[in-house]
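Visitor: Please give me a close look at one part only, the interior. What is packed there, and where is space left?

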Amino acid sequence: MVEVRQLKKSFGEVAVLKDCDLSVDKSEVVVLIGASGSGKSTLLRCLNFLEQPCGGDVFFAGQKIDPQRDNLNSLRAEVGMVFQHFHLFPHMTVLENIVEAPVHVKKEKREHALAYALDLLNKVGLADKKNAYPHQLSGGQQQRVAIARALSMKPKVMLFDEPTSALDPELVGEVLTVMKALASEGMTMIVVTHEMGFAREVADRVVVMHDGKIIEEGPPARLFSAPSHERTKRFLSQLSSERLTGQL
């Protein structure tokens, strides 16, 4: 479904991605982990060209994407993205936030978009909040609305960039529950997260990044119990220590 070959990205003199190769099959859930600054979010943003790669190739559904030739807005309609911060329109209700893109970008009939939006609100457990405004919702509720908004475009792939990191700990679970349900329904997902429990339970494959490179990948049961790369061992050990001291 998604493939990158020899992907490179630099900001000025700083190389953030260094010849990354990654492929994700249909209905596969891939979780990207690694220390802050390792390139995880940049890799995710290059997949739908929110960041323009400096080199390498991106393929979607078997087709090489040429940003000079292809309609990137059409690509982004196929690749939903949920960010760390919710980016909801504050002057619109929950329902209006969800129908905005299908109506104005995909030119769907409003009544069809509204019906689907209500189905999505049921899916994320927020049907009773359809007429609320973002400021009236908790952070976890806003993130669930953001997921529904991304799903309203009927994407083939969902990208999640640390979707729970801005939430209070007691709100994380409600967002992860929605993500687990999506995975169980066969949605292709690429997730940047520090929620190792989610990675263990839901991921088909965990990919470890360090210094702009993919250094290791494998099924979570193997990678978490017996990582082969020394940097992965140090990263997982540090996460365990931070949990014990209450820093995460």
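Guide: The tour below starts with one strand, moves through the cores and helices, and ends with the empty spaces.

This is a predicted model: local features need pLDDT of at least 70, side-chain atom pairs count only at pLDDT 80 or more, and totals for chains, interfaces and linings use all residues. Residues are numbered from 1 along each chain as its sequence is written, and side-chain values use heavy atoms, with hydrogens and water left out.

Start at strand 3, residues 29-33. Strands here are DSSP runs of E, at least two residues long; helices are runs of H or I, at least four long; both are numbered from the N terminus. Five of the five residues of strand 3 are buried, so the strand is largely enclosed by the rest of the structure. Buried means under 20% relative accessible area, exposed means over 50%, and partly exposed lies in between, with a 1.4 Å probe and protein chains only. In a regular strand, side chains alternate between the two faces of the sheet. Both faces of strand 3 are covered. V29, V31 and I33 are buried on one side, V30 and L32 on the other.

Now its partners. Two strands pair if DSSP finds at least two bridges between them. Strand 3 runs parallel to strand 8 (residues 188-192), over four bridges. There, L32 sits opposite V192. Strand 3 also pairs in the parallel sense with strand 9 (residues 205-210), again over four bridges. R205 of strand 9 is the bridge partner of V30.

Next, the cores. A nonpolar core is a set of buried Ala, Val, Leu, Ile, Met, Phe, Trp, Tyr and Cys residues joined through side-chain atoms within 4.5 Å. The largest has 51 residues. I33, I147, M158, F160, M179 and M189 have the most contacts inside it. Helix 6 (residues 169-184) gives the most to this core, eight residues. A second, separate core holds 27 residues, among them L17, V30, L43 and I65.

Look at F160. Contact means heavy atoms within 4.5 Å. Leaving aside neighbours within four places in sequence, F160 is in contact with L44, V82, I147, M179, L182, M189, I190, V191 and V192.

Helix 1 is worth a stop. Six of the eight residues of helix 1 (residues 40-47) are buried, so the helix is largely enclosed by the rest of the structure. The six are K40, T42, L43, L44, C46 and L47. F49 follows helix 1, with a positive phi near 65 degrees.

Helix 3 spans residues 94-104, and its buried residues are V94, L95, N97, I98, V99, P102 and V103. What covers them includes helix 4 (110-123) and helix 5 (139-151).

For contrast, step outside. H135 lies in the loop between helix 4 and helix 5. H135 is exposed, with a relative accessible area of 65%. The C-alpha atoms of H135 and I33 are separated by 31 Å.

Now the empty space. On a 1 Å grid over the protein atoms alone, a cavity is a set of points where a 1.4 Å probe fits but cannot get out; a pocket is an open set with protein on both sides within 12 Å along at least five of seven lines; lining residues have an atom within 4 Å of a point. Grid points are joined across faces, edges and corners, and a volume is the space filled by probe spheres set on the points. There are two cavities of 30 Å³ or more.

The largest cavity has a volume of about 50 Å³. V2, L47, V58, F59, F60, I65, L75, V79, V157 and L159 line it. Strand 4 (55-60) and strand 7 (157-161) each give two or more residues to that lining. Strand 4 has the largest share, three residues. The lining divides into 10 nonpolar, no polar and no charged residues. Here Ala, Val, Leu, Ile, Met, Phe, Trp, Tyr, Cys and Pro count as nonpolar, Asp, Glu, Lys and Arg as charged, and the others, Gly among them, as polar.

The second largest cavity has a volume of about 40 Å³. Its lining is G34, A35, V208, M209, H210, I215, R231, T232 and F235. By class, that is five nonpolar, three polar and one charged.

Last, the largest pocket, with about 560 Å³ of space. Its lining has 20 residues, of which R76, M81, A101, R149 and M153 lie nearest its centre. Helix 3 gives the most to this lining, four residues.
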